[in-house]
Amino acid sequence: MSFLGGNAAGFGASGRRDDVERLFTADPSVPVSTGAGAAAAPGGGYAPPGSALSPPLGYGGEASSMNTLDEPVWETVKRDLRRIYKNLVMVVFPFKDRSQQSAALRNWDLWGPMIFVLGLAITLSLGAATASKTFSLVFALVSVGAIILTVNVVLLGGTIGFFQSLCLLGYCLFPLDVAAIVCVTTDILLVRWILVPIMVVWSSWASIPFISGAVPANRRALAIYPMVLLYTALGWLALIT
Amino acid sequence: MSTNPFATSSPPPVFGEQAPVAGPVGGAWGPASTPLDEEDEPFTAAHLAAANEAAVPAVGGAGGGAGSSRPAHTALTFTESTAAVPSASSMGGRVGQPSSSGAAPVSPVPRVGSAADQALLASSPGPSAPLGGNGGMAGGPAGAPQEDPSKFAFYNIKRYRGLFNVDTSDVLARLLHAVLLFFRGDFLQYTDGNPDLYGPFWVASTLIFVTAAAGNCASYIDWTMHKPEGSTSAGWYYDVDKVGGSFGLFYGYVGVVGLILYFVLRWFKAGVSLASVWCVYGYALAAFIPISLVCVVPIESVRWAVVGAATLTSGTFIMLSLRAPIHEAAGAKALPLYIGMIALHAGLGLALKLYFFRYKDIPMP
């Protein structure tokens, strides 16, 4: 917990750290969880017992532990999927409070966003006339759009972690994934026209507080509008499939 | 709108001469202080003194700012002058936000530079003009609430914060000014040396999305009106190429045409910065956003009328806004330039109508 606390302090300190370092403040997602509740079981499972070293990173990165390097691939995949699910719940369903969301974002990971982007792009290209163009459009739109949104926040004078922002925007694609799947499977216009706006609103609701907290108060709308535009564009693409 | 008596740019030495006019009111200002300091310090102090004195009766909230500017006269340090700048600039350039101290962390330093940029606008093109407010900053950032953006390396995005130094109210005001008050032609003075690139970029992006969406909507309506009986809605597919075309058209128009115009203006030695040109072009495109939504209506005459009207208003806006710098730089030689600008803008309107909203009598494939 202590290194996470240190990260929180580091994230809060402004202007004293190197700029490049500040962009990538938080550690990537690590197996030891931060949130209460749902995190307990997976978190306890793979922390090395009594280890004072940093917990094992997910993909066999550090040599500090032998557990993850030796384990079967299926174990690794299962653990990653569990983590993605956990992060998803904390980021996209922040019903109780937002602190879980901040905790999840401090342990950002990009596997979840990648899965959701690919899922969205594949789903939308299934229902389109020109599949490859649609796929490239959606993928480019999300990836470049997320980067541009983060740059936009920094340019407006805000402080935001680059990968944390990418992580948030990627996870918040999950409702749009659901919308895309439904739109591809059904032709009933009414269902589409009801579901897609709800999903767009949900995506925006999950990510707005994080983004707006990063910029000065009188520029909140300037930072939020492009994000809403992005989700609306993706929702529209799902709608007209 | 601007109560800044020095809004029309004058080169810095004039401020030294005007200082005695504000002297009796300005407090302990030594004339000896002006030649010693760097070029922009007497400029800013005089600018602040006069602006503060002129506007203090009007804005009660700036009482603290006026108070803190007194020591600025005597000490003439960069820090205190920057501390007083938010109140001066908040009286000058803001719209309806006297208590814009919330923006203090970001605005002080670029605002100083933007005041210096005014001088650049009139006198010379300035090699650092493309960076807007950053070129005029000479003093160190000691004690400034936010770091001076120009001290970052060119690849660090924080360096370009001076180009995004606008609040929500600023952007909305500029949008309204460009779309509704297009006939005034004072946009460059209105942005007061603080052009922003937020407006152009996001107006163009919004326009891309809106035209692609509206174009596809129009195509869908046309398809439902002309489809053979009995076919389901699965027969219509949206055209992804339209989105790609949108990207090229709007980003290209603002970016490339703006860039070319900037170089032409540089050649004519007009003192307009690249950011200002992009700002004008970007906000001009905002007129097309409501138009695209209206163009969903499948009546040709309505579409033509509406696109024509938007092209006229935005074209007028661009021409009137850039007329003053072009005229004073090029005079009669500017006629081909005017014709080029008008032709390009008409081309944009035409492309918009024909590429996105041409569906009336085309048989569907």
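**Helices H8 and H9 of chain A**

I looked first at how two helices of chain A pass one another, and found that H8(A) passes H9(A) in a right-handed crossing, a crossing being right-handed if the near helix is turned clockwise from the far one by less than a right angle, and left-handed if anticlockwise. I took helices as DSSP runs of H or I with at least four residues, numbered from the N terminus. The model is a predicted one, in which local features need pLDDT of at least 70 and side-chain atom pairs count only at pLDDT 80 or more, while totals for chains, interfaces and linings use all residues. Residues are numbered from 1 along each chain as its sequence is written, chains are lettered from A in the order in which they are written, and side-chain values use heavy atoms, without hydrogens and water.

I then noted that the axes of H8 (residues 131-155) and H9 (residues 162-171) of chain A come within 9 Å and cross at roughly 130°, where axes are lines fitted to C-alpha atoms over the stretch in contact and angles run from 0 to 180 degrees between N-to-C directions. H8(A) is therefore oblique to H9(A), since angles under 35 degrees count as roughly parallel, over 145 as roughly antiparallel, 65 to 115 as roughly perpendicular and the rest as oblique.

For the contact (heavy atoms within 4.5 Å), I listed A:Ala146, A:Ile147, A:Leu149 and A:Thr150 on H8(A), and A:Phe162, A:Ser165, A:Leu166 and A:Leu169 on H9(A).

**Helices H13 and H14 of chain B**

In chain B, I found the axes of H13 (residues 300-330) and H14 (residues 335-356) coming within 9 Å and crossing at roughly 155°, so that H13(B) and H14(B) are roughly antiparallel to each other. Their crossing is right-handed.

**Between the chains**

I looked up the contact of chain A with chain B, which takes 36 residues from chain A and 33 residues from chain B. The two chains bury about 3,100 Å² between them, 65% of it on carbon and sulfur atoms; buried area is the accessible area (1.4 Å probe) that two parts lose on being put together, summed over both. In chain A, the residues losing the most area to chain B are A:Leu155, A:Asn218 and A:Trp236, together 21% of what that side buries.

**Salt bridges**

I searched for salt bridges (a side-chain nitrogen of Lys or Arg within 4 Å of a carboxyl oxygen of Asp or Glu), and the whole structure has 8 over all chains. Across the interface of chain A and chain B there is 1, and B:Asp167 forms a salt bridge with A:Arg219, the closest N and O atoms being 2.8 Å apart.
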